[in-house]
Amino acid sequence: MVVYILDQVRALENEMLNRIKKQGLDIKPRILIITRLLPDAVGTTCGERVEKVYDIEHCHILRVPFRTEKGIIRKWISRFDDVALELAKELQGKPDLIIGNYSDGNIVASLLAHKLGVTQCTIAHALEKTKYPESEIYWKKFEDKYHFSCQFTANLFAMNHTDFIITNTFQEIAGSKDIVGQYESHTAFTIPGLYRVVHGIDAFDPKFNIVSPGADMSIYFPYTETERRLKNYHQEIEELIYSLVKNEEHIGVLKDRNKPIIFTMARLDRVKNITGLVEWYGKNLRLRELVNLVVVAGDRRKESKDLEEKYEMKKMYDLVETYKLNGQFIWISSQMNRVRNGELYRMICDIKGAFMQPAIYEAFGLTVVEAMTCGLPTFATYNGGPAEIIFHGKFGYHIDPYNGDHADLLVGFFEKTKANPSHWDIISQGGLKRIHEKYTWQIYSERLLTLTSVYGFWKHVTDFDHRKRKRYLEMFYALKYRKLAESMPLAAED
């Protein structure tokens, strides 16, 4: 999420500067990323009120302290307050556009846009209601951990208040013939004992727009651009993948360095389905003969406090033992160096490997775009964004995360590549073509600012028509959301 925001503001600043120059104006744009101030974040800058974003000339992070009658809340909670005051103080005025991200960010964006009377854009990313099936029916069961009632209510408020909505794919809006869309799932539903939604959102509302992000092309670029390759990282990456020395960063070894590699990188949670991939690989003996498997996920160097990650981590250890994967499989802890990760993708290209994204559901699939931008043939779930990014058999391959038989698809690809190496090149080049046609941050920023102009104008000429809806939303916020938010416990102090 942090990576997405930083790439987004970098692209927006470039496009804003470009438009200002074309229009002959002598003004400087200003972008603020608003988040929570954390006084006790030792060793970080999260306690600073304002921080300039590295490598972005006109962008700063503005951190707002959360206060109660007892003073500043020193622990992280998903709640925002007093943002308008800090924003006005920093800008000495009001913004022209407010963009919200995720449930908590979007509720704040809605309140700010309402108070300041400015254009609002909503980006939901992954909505919990589709990530966790039947979560609205069994909301009480998950309330202590996920606070679904508060999140669903915040989403409904933001969806209906915003001037326009950005989605990465069409599936987020209206789904497919087999899967309900993220927004479509909010059309009508019931939260038993709380309220019933009769008309939550109109999936055919013209406020919906598909604007897909891209990968940072200063980091993720084709493996064929040899003059740009970061050769100073090659030895580090080789040691990371092929080291025979046991350490805390990885488990397992790869005995046959001549095999191509199936590579995956994601969070270690149930939805990302990394353990599912490891199990498919373990069961398919022919696939194990053809390729090695490299997984980058979780952090084995410390004990996780997340119950879901702890369960997946234990499952990984059990799978390695059950299928005797040592020698063909290596599990590496999460890698935070994005620049080196870009070269890691390209080194997998050098040995004619492939990228696998096996998620049960993926709202967009940024790692899919990153891999394809580097030229890596990609296999990814057909549940969510990758179904639109990839054209099966042309720009990559779709997989069914519930069906381990698709491991045969991987076998077929690598057998065909082994017999005819040009097949790998055809899929690689097809992926690159697809990326440059649709999935770049330049295309994203151009469309987003154009939409801001259109919807900003529309907001002011049709404001009278929206007053009844806004009055209803004010009532909904006061009678439902505020009570739910107030019932959420504050993080306990040590």
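Here is a short conversation about strand β7 and the cysteines of this predicted model.

Residues are numbered from 1 along each chain as its sequence is written. Local features need pLDDT of at least 70 and side-chain atom pairs pLDDT 80 or more, totals for chains, interfaces and linings use all residues, and side-chain values use heavy atoms, without hydrogens or water.

Student: How many disulfides are there?

Tutor: Good place to start! A disulfide is a covalent bond between the sulfur atoms of two cysteines. Here it is taken as a pair of cysteine sulfur atoms within 2.5 Å. For C121, the nearest cysteine sulfur is that of C59, 16 Å away. By this rule the count is 0.

Student: Is C121 buried or exposed?

Tutor: Buried means under 20% relative accessible area, exposed over 50%, and partly exposed in between, using a 1.4 Å probe and protein chains only. C121 has 0% relative accessibility, so C121 counts as buried.

Student: Which residues of β7 lie on the side opposite Q120 and T122?

Tutor: Strands are DSSP runs of E, at least two residues long, numbered from the N terminus; helices are runs of H or I, at least four. In a regular strand the side chains alternate between the two faces of the sheet. Both faces of β7 are covered, and the side across from Q120 and T122 holds T119, C121 and I123.

Student: Which residue in β8 stands opposite C121?

Tutor: Two strands pair if DSSP finds at least two bridges between them. β7 and β8 (residues 164–167) are parallel, with 3 bridges. There, C121 stands opposite F164.
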